[in-house]
Amino acid sequence: MIKLKLELNYIVKNGLINIMKKEHNTKYLTLLTNRNIYIPALILIAIFSGLSYLNQHQIISTIEKDNEIINITGRQRMLSQKIILLCREYIENPTLSNKDKLEKDIYLMKESHEYLLKNLDTDDLKKLYYKEKLNENVTNFIKKIESINTFRNIDLLVSARKDSQSLLVELDRAVQEYKSYSNEKINNLSDSIKKIFFITLLILLLEGFFIFYPASKRIKQTTDQLYDINDKLEEKVNSKTKELQKYLDIINQHILISTTDLEGVITYANEAFCTTSGYSTAELIGEPHNIIRHPDMSKSFFKEMWDTIQAGKTWRGKIKNLKKDGTYYWVDAVIQPHYDENYKLDSYDAIRIDITDKIELEELTAKQEAIIEEKTKIANVERDKAKEYAKAKGEFLANMSHEIRTPLNAILGFIDILKDEIHGEKALGYVNIIDSSSKSLVQIINDILDFSKIENGKLNMDMIYFDPFEEFKMVIDLFSGKCSKHNIALNIDIQSDMPKSIKSDPLRVRQVISNLLSNSIKFTDSGKNIFVNIAFFEGILKISVKDEGKGISPNKLGHIFEAFHQEDSSTTRKYGGTGLGLAISHELVRLLGGELKVKSELGVGSEFYFEIPVEVGNTIIENEAKKYENNLFNNEKILVVEDNEANRMFMDIALKKMNLNFDFAKDGFEAIKLYKENKYHAIFMDENMPNMGGIEATRNILKYEKDNNLVHTPVIALTANALKGDKERFLEAGMDDYLTKPIDKNKLAKTLRKFF
């Protein structure tokens, strides 16, 4: 079908070119061109003929109007004479009949005068009519006649008669002058017609000389140009025909095209159809189209297709067809009805694209998606298990933290009390051993909790201004005793012009320095050195801890910051530790904006160093230990809600030393009862208690305050729950502050000072 349309298009174009080449068409083209040249002349002739007609029409109109005006003027002359006679009769015989005749002629005289005034519409005619006061005389004459009609005065009649004679002379003269003026106007119009005729004739002569003669030359030139253009067009048509033929060949090779009659018998099949189906043209022509029907395609599918095309509509869809060799191929098909020149349906044209690869890809994709979906389900199950594991781990850590911190709180509290009360050197040594071991246990718990927070991305930095010299000297002083005990020289180099105030998280910086010093002491033999260097330069805090210890083998350096990793199992047996210290320190430095790095040589020693950005400020935060050295209060009353007896005993001693009055409650129910019966300055609230927990008790207390319009009593969480989110949970429940066990006396005093 496409090939047929292409051939027809080519034939039509060639036919037009050949027609233009015939010799007689040159004369036809010349005549056509001459006709176009005549158009300006014809337009001018039409214009001047129209002007001539308008002038002739104006002459006729002028003559007709002049005759009318002359007749009316004559009528006025006659009426003026008649009116004089009627006036005389009316004076002599004042009958009603004579009066009616006089009034009628007066009316006619006025009507004629008004008509003349209305129709003399040019300035020249008005001047002519008013010449020698004609208009004024006519008007005065009419007024005198009307007076005679009214008063029948003989003197007025005599005066009117004289005016009438004068008016008759003026009317005659006006008629003569108007005739002269009219004749002059007609002559002028006749002259205009003659001029128009001669101008038209002159234009025709000029057009013939300046247009017709040059046009004949231009026609010859134009004809030659048309032949050249025709040749070029023929070349372009041939080129485009070849190009279209190339596209047609491509279509024949890649797009399946066929035609069937109304019964579905194939009448045309192109090359691509034959190649794809495996049949030759001879094998397809004359065969029904179901020769390629695949058994997978249902009868209802083809019924719907035939119903559509037989209704004269275009059908679109995907069909699975059968090749000659028994294999299949898929096509995306468009089938549309074809009509003859009488608009009668005579066949069906089908255009199809082979989409076998696409369908197979879709099937493969569907299988892969099914596999992915199955894998996703498995992954979701594993994710849910991981979440459950993480939740169980979090609950375990929370319970472990609570269960260990609760007795540790009492242990460390009583150790502080024993230090104040024991004076024997040997007994005090035992107490110090217990204190050191307990604090080591607290550090292990803190490391586990910090690692859990880091692992879950829930560890936040508390950026504040602090005095770096005082903070770093304090943490280094803590390790001076250990170094002396192990005969290790601790060399400190803190930059002398260090800023007095910088902004970072002092607690976490101290924690990193403590971990690094603890490791250096652990792996450095007696008689060796440890060097601590702290410097500041252009907003960067630089810290380095270098030892002369055993060093780290090169193959272990890449894993040194991994959790639970130590150089080998013998390290754990010999030196102890959880393997979390360096991993936690590495992450803390990262959260502070830097990177913890290491340089080490086996048998020589190691250096751990990092740089973090800090802000320089003018604010200096007073050392908390100094600020709250005097922890004495003024006998304020406190309610302590604590279920652990050992912790109650410690709080009893600690609060008495702070000069505080207090009551104890063993659970939430007892706390609510005591609160209602007493007035407290603050409430320390534990969470995990029998009968009623701390959060529920706090909510009941807050509700009671609101219902009874009471002044709010601060509620401070004092709990072993120290995981990320615990603090937020307590504050959201309505508590005012949060402290964790083991209890630090300075922090306890600092917190109370916020409220009284």
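This talk walks through the fold of one protein, from the whole chain down to single residues.

Keep in mind that this is a predicted model. The protein has 756 residues, and 37% of them count as buried. It holds 22 helices and 18 strands. The accessible surface is about 44,500 Å², with 55% of that belonging to carbon and sulfur atoms. Now contacts. Take those between residues at least 6 apart in sequence: 66% of them join residues at least 24 apart.

Let's start with helix 6. This helix covers residues 154–254. L233 sits in it. Is L233 buried, partly exposed or exposed? L233 is partly exposed, because its relative accessible area is 45%, and the cut-offs for that class are 20% and 50%. L233 also belongs to a nonpolar surface patch with L226 and I229. Together the three have about 240 Å² of accessible area. Look at the spacing with this in mind: an α-helix has 3.6 residues a turn, so residues three or four places apart point the same way.

Next, a hairpin. Strand 1, residues 255–260, pairs with strand 2, residues 266–269. The pairing is antiparallel, over 3 bridges. T259 has Y268 of strand 2 as its bridge partner. Between the strands lie 5 residues, and in this hairpin G264 takes a positive phi near 90°.

On to the sheets. One is an open sheet of 5 strands, in the order 7-9-10-12-11, with mixed pairing. Which strands stand at its edges? Strand 7 (489–494) and strand 11 (597–601) do. Each has a single partner strand, so one side of each has no neighbour in the sheet. Direction ignored, neighbouring strands here are turned by 10° against each other on average.

Inside this sheet, strand 9 (residues 529–537) and strand 10 (residues 540–547) run antiparallel, joined by 8 bridges. F531 faces K546 of strand 10 across that pairing.

Two helices lie across these strands. Helix 12, residues 468–485, crosses strand 7, strand 9 and strand 10, at about 170° to strand 7. Helix 13, residues 506–523, lies across strand 7, strand 9, strand 10 and strand 12, and runs at about 15° to strand 10.

A quick stop at helix 16, residues 581–591. Its buried residues include L582, I584, L588 and V589. Just after helix 16 comes G593, with a positive phi of about 100°.

Now another open sheet of 5 strands. The order is 15-14-16-17-18, and the pairing is parallel. Strand 15 (661–665) and strand 18 (737–740) are the edge strands, each with a single partner, so one side of each is left without a neighbour in the sheet. The twist averages 20° from one strand to the next.

Strand 14 (residues 637–641) and strand 16 (residues 682–685) run parallel, with 4 bridges between them. V640 stands opposite F684 of strand 16.

Again, helices lie across. Helix 18 (residues 645–657) crosses strand 14, strand 15, strand 16 and strand 17, at about 170° to strand 15. Helix 19 (residues 668–677) crosses strand 14, strand 15 and strand 16, at about 140° to strand 15.

Last residue: L731, in helix 21, residues 726–732. L731 is partly exposed, at 36% relative accessible area. What does L731 contact beyond its neighbours within four places in sequence? The partners are D736 and D737. I716 is 15 residues away along the chain, and its C-alpha atom lies 9.1 Å from that of L731.

Note on methods:
Residues are numbered from 1 along each chain as its sequence is written. This is a predicted model: local features need pLDDT of at least 70, side-chain atom pairs count only at pLDDT 80 or more; totals for chains, interfaces and linings use all residues. Side-chain values use heavy atoms; hydrogens and water are left out. Patches are made of residues with over 30% relative accessible area and no salt bridge: like charges are joined within 9 Å, nonpolar side chains (Val, Leu, Ile, Met, Phe, Trp, Tyr) within 5 Å. Accessible areas come from the Shrake-Rupley method with a 1.4 Å probe; for residues, only the protein chains shown count as cover. A salt bridge is a side-chain nitrogen of Lys or Arg within 4 Å of a carboxyl oxygen of Asp or Glu. Buried means under 20% relative accessible area, exposed over 50%, partly exposed in between (1.4 Å probe, protein chains only). Contact means heavy atoms within 4.5 Å. Two strands pair if DSSP finds at least two bridges between them. Axes are lines fitted to C-alpha atoms, for helices over the stretch in contact, and angles run from 0 to 180 degrees between N-to-C directions.
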